[in-house]
Amino acid sequence: MEAIGYAYLHERLRLGVSPPVRPARVRPVTRIVALEEELAVPMERAPAGDLLSHLLFALKHEGVELAILAETLPQLSPEGLIEAIQAAPNGIYLRRLGYLYEAFVARLPFDPPIRGRVVPLFDPGHYVTGPAVRDSRWRVDFNGLGSLHYCAVVRRTPEIQALLEAEILAKARAFMASLPPGMLDRAIQWAYLSETQSSFAIERESPSPDKQQRFMQLLRQAHEGRALDESYLVELQNSTVNNPFDKAAAFRHEQNYLHNGLPGALGVSYLPPPPGLCDALMEALMAWANALPETGASAHDEGVPALVAGAVLSFGFVFLHPFMDGNGRISRFLLHHTLCRLGELPRGNLLPISVAMKRHEADYLAALEAFSKPAREHWRVDWIDADHHDFVFTGSEALYRYWDATPAVAFTLRMAQAALDKDLKEEAAYLACFDRVYRAIDSRFDVRGSDLARLTMMCLSHGGHLSKNRRKQFRYQVPDEVLDAIEREAGLALSEDSHLGDS
């Protein structure tokens, strides 16, 4: 069926950016219907064949696709746009179009006679938006997540809206505050260790004790809230890699790529932007992140919700891939850096989101590939030999400047909720069981503390039972009656509801 709106523009002009997520097409329907994979439009509602008609239709019915707009507007006749604006100067879609034309192309040679109210570029009812920057000439507020040099777009899907309204970070703060101080300290120590191990495991790497300790210290430094700049990110990169030849002195000056193990050009699964463009976009991304105000966890705050901001920064960083090595771990660190810098977690506390990410690696890969797979289509890769490829970027800079962060944000919100509801709460429940069993046995029997701790952990980890091998291992240290008592107490503790702070 006939493509219209953004899909028409993308196909007709052969734009070097990703196509719309949900293309609009003429279908045998009686009204415009948003289906799962497309926007179905009746023939009588389809726009005429000129670019302006399709642009206005797209802005009205499909929202704001900055990458397509940035590539299409230079091909639009300014005379036709001026004539349309003069005929309807207060039309909100024409004003948005005029504003974007001047942002992406050139100033129009007339004074728009606008008297209408100020309108946002992104409808807050359909998008997660940022602080507004007003353009008085067009009476349009830019309220995107970034700037017109670099901007992520997050649609308010039902899933994202529900997760924002769940107030995940507020619940995390309340749960941590509900724990006894000693238990909180142990739960947070576990969170730092598990977050570190999971972040390395995602990279298929087993860190040495020294490397593990350095990364845990790095996570604790997230609470310092340092502003992001190239030197700080280089410092972070140097602390996450061991090989001195992989340590960076600056952002990369060569083309990087990700490999999937297949031979030749097929093995290149993703290419970040060329080095010069990477530098420019990193500057824009860091400037946006540094300008974020403290927002609180509520989805109704005027600022950007912290988990949304963290997801945009984390995934935006990894898509730009400014270093030749260490980008993945830094990207996950930046999520914690954002939550800490925006004051969402008390100093020293941590939500082990990478633990949940590791458990849901397929979903993590899907969130990454929502951007990386379409981007790969805009590169020509020729294999030269085992160590060399020839890379030619055939797309537009707008491909990397303006990206749909909706899948990344939805995934991050789900993982934050899982990290709280499963990982952190289950660890606290385990610690409560451990303390109960340990105290009960220690008050009745004279057992070496280290032996009692090990036996209690083993018993709780195996559903309240000690294996024959464990009993045999401790037969000369701990009497059978003590082993039996440990099993009884562990069984009682596990049978009760141990999810502390659950509401």
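Start by selecting α2 (51–61), α3 (66–72), α5 (92–104), α15 (361–376) and β14 (402–404): each of them supplies at least two residues of the lining of the largest pocket. Helices here are DSSP runs of H or I with at least four residues, strands are runs of E with at least two, and both are numbered from the N terminus.

Before going further, some ground rules. Residues are numbered from 1 along each chain as its sequence is written, and this is a predicted model, in which local features need pLDDT of at least 70 and side-chain atom pairs count only at pLDDT 80 or more, while totals for chains, interfaces and linings use all residues. Side-chain values use heavy atoms, with hydrogens and water left out.

**The whole chain**

Zoom out for a moment. The C-alpha atoms fill a box of roughly 95 × 55 × 45 Å along the principal axes. In the chain you can colour 20 helices and 14 strands. Of its 503 residues, 53% count as buried, meaning under 20% relative accessible area with a 1.4 Å probe and protein chains only (exposed is over 50%, partly exposed in between). Among contacts (heavy atoms within 4.5 Å) between residues at least 6 apart in sequence, 68% join residues at least 24 apart.

**The two pockets**

Now return to the pocket you started with. Its volume is about 1200 Å³. To find its centre, select Glu 62, Gly 63, Glu 65, Tyr 127 and Arg 155, the closest to that point of the 41 lining residues. The lining has 25 nonpolar, five polar and 11 charged residues. In this scheme Ala, Val, Leu, Ile, Met, Phe, Trp, Tyr, Cys and Pro are nonpolar, Asp, Glu, Lys and Arg are charged, and the others, Gly among them, are polar.

For anyone who wants to reproduce the search, it runs on a 1 Å grid over the protein atoms alone: a pocket is an open set of points with protein on both sides within 12 Å along at least five of seven lines, a cavity is a set of points where a 1.4 Å probe fits but cannot get out, and lining residues have an atom within 4 Å of a point. Grid points are joined across faces, edges and corners, and a volume is the space filled by probe spheres set on the points.

Next, the second largest pocket, with about 880 Å³ of space. Select Ile 202, Glu 203, Leu 258, Leu 365 and Leu 368, which of its 29 lining residues are the closest to the centre. Which helix gives the largest share of this lining? Colour α15 to see it: seven of the lining residues come from there. β10 (258–259), β11 (268–270), α12 (306–320) and α13 are among the elements that also supply at least two residues each. By class, the lining divides into 10 nonpolar, nine polar and 10 charged residues.

**A closed space**

The search finds four cavities of 30 Å³ or more in the whole structure. Go to the second largest, which holds about 50 Å³. Show Leu 228, Ala 289, Asn 290, Leu 292, Leu 313, His 337, Thr 338, Arg 341 and Leu 342 as sticks, and you have its lining. α13 (327–341) and α11 (275–291) each give at least two of these residues, and the largest share, three residues, is from α13.

**A residue in α11**

Stay with α11 and pick Leu 285, which lies in this helix. Is Leu 285 buried or exposed? Buried: its relative accessible area is 0%. Leaving out residues up to four places away in sequence, Leu 285 touches Tyr 150, Val 312, Leu 313, Gly 316, Phe 317 and Leu 320. Try a distance label to Gly 146, too: the two C-alpha atoms are separated by 7.1 Å, although the residues are 139 apart along the chain.

**The strands**

Switch to cartoon view and find the open sheet of three strands, ordered β8-β9-β14 with mixed pairing; two strands pair if DSSP finds at least two bridges between them. β8 (145–146) and β14 are the edge strands, each pairing on one side only. Strand β9 (residues 151–153) runs parallel to β14, joined by three bridges, with Val 153 opposite Asp 404. Helix α12 packs on this sheet, touching β8, β9 and β14, and its direction makes about 115° with that of β14; axes are lines fitted to C-alpha atoms, for helices over the stretch in contact, and angles run from 0 to 180 degrees between N-to-C directions.

Last stop: strands β12 (residues 379–385) and β13 (residues 388–393), antiparallel over six bridges. A hairpin of two residues joins β12 to β13, and Asp 385 stands opposite His 388.
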